[in-house]
Amino acid sequence: MYRPAAFAIDDPARLRRFIRDNPFATVAAAPQGRVVFAYAPVIVDDDGMRFHLAAANPLAQMSDGARLSFSVLGPHAYVSPDWYESKSRVPTWNYCAVEGEGVVRRLDRDALRELLVDLSAAEETRLAPKDPWTIDQVPEDRMETMLTAIVGFAVRFETLAGKFKLSQNVSAQDAAGAIAGLDARGDAAGAAVAAAMRTARAATGP
């Protein structure tokens with residue numbers, strides 16, 4: 001992706017943390033020379049990520065060593081020029097995204113089951129104080145049927161790059177106006193981008 005220096009994020013730990021906070025990826029490959037997309041929840045490990053696809057998905061046919069690209073989109077929202085102190089600006093869109101490439105490895109049955117355990121545990125933790133749902137609540141025959149219907153993959157990160165476009169290229173006054181405007185929208189998208197902008201400003205200074 002196009003990454004002007006003001007928006008580029010390259011810290012691997014920060015990028016992995018971003019994916020953990022936004023654990024739903026668009027994955028893409030070109031098995032027969034045509035780009036095919038799929039969408040999957042992911043688990044981030046120290047050097048890569050794991051996910052699964054329906055066995056009928058065209059990308060589920062990938063073999064060990066196949067190359068895969070992926071993108072993870074975080075908060076994003078429209079920014080109105082009316083929110084800026086400066087009067088010569090135009091509309092824009094603020095967003096956070098991480099993308100990368102890697103080589104895939106197909107998971108065996110035990111590793112696939114472990115992936116499902118890890119996925120549900122990660123998401124159930126977000127629902128506390130609800131008692132967590134666990135995979136052992138699924139009857140074993142039903143679980144075997146489910147495992148047959150999906151294919152698991154691990155991807156080792158070869159590249160990982162982030163772009164957090166959060167008005168770092170405007171004055172502190174204009175950024176403050178955009179943050180106030182986003183907060184005033186009163187929706188989750190606006191609030192999330194405003195929070196990300198505050199974090200970016202705190203990290204880089206005025």
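Hi everyone, this is a short walk through one protein chain, starting with the whole and ending with two helices.

Please keep in mind that we are looking at a predicted model. The chain has 206 residues, and 41% of them count as buried. Its C-alpha trace spans about 65 × 45 × 25 Å along the principal axes. As for the surface, about 11200 Å² is accessible, with 55% of that belonging to carbon and sulfur atoms.

So what is the chain built from? There are 5 helices and 8 strands. Reading from the N terminus, the order is β-α-β-β-β-β-β-β-α-α-β-α-α. If you take contacts between residues at least 6 apart in sequence, 73% of them join residues at least 24 apart.

Now let's turn to the strands, with strand 6, residues 67-79, as our guide. On one hand, strand 6 runs antiparallel to strand 2, residues 24-29, and 3 bridges join the two. Here you can find Ala-28 opposite Ser-69. On the other hand, strand 6 is also antiparallel to strand 7, residues 92-106, this time through 11 bridges. In that pairing, look for Leu-73 opposite Ala-97.

Last stop: the helices. How do helix 2 and helix 3 cross? The axes of helix 2, residues 109-125, and helix 3, residues 140-148, come within 11 Å and cross at roughly 105 degrees. That makes the two helices roughly perpendicular. From helix 2, Arg-109, Leu-112, Arg-113 and Leu-116 take part, meeting Glu-140, Met-143, Glu-144, Leu-147 and Thr-148 of helix 3. By class, this contact has 4 nonpolar, 1 polar and 4 charged residues.

Thanks for listening!

Definitions and conventions: Residues numbered from 1 in each chain as written. Predicted model: local features only at pLDDT ≥ 70, side-chain atom pairs only at ≥ 80, totals over all residues. Heavy atoms only, no water. Axes fitted to C-alpha atoms, helices over the stretch in contact; angles between N-to-C directions. Helix = DSSP H or I, 4+ residues; strand = E, 2+ residues; numbered from the N terminus. Parallel < 35°, antiparallel > 145°, perpendicular 65-115°, else oblique. Contact = heavy atoms within 4.5 Å. Nonpolar A, V, L, I, M, F, W, Y, C, P; charged D, E, K, R; others polar. Pairing = 2+ DSSP bridges. Buried < 20%, exposed > 50% of the residue type's maximum accessible area, 1.4 Å probe, protein only. Areas by Shrake-Rupley, 256 points an atom, 1.4 Å probe, with all protein chains shown as cover.
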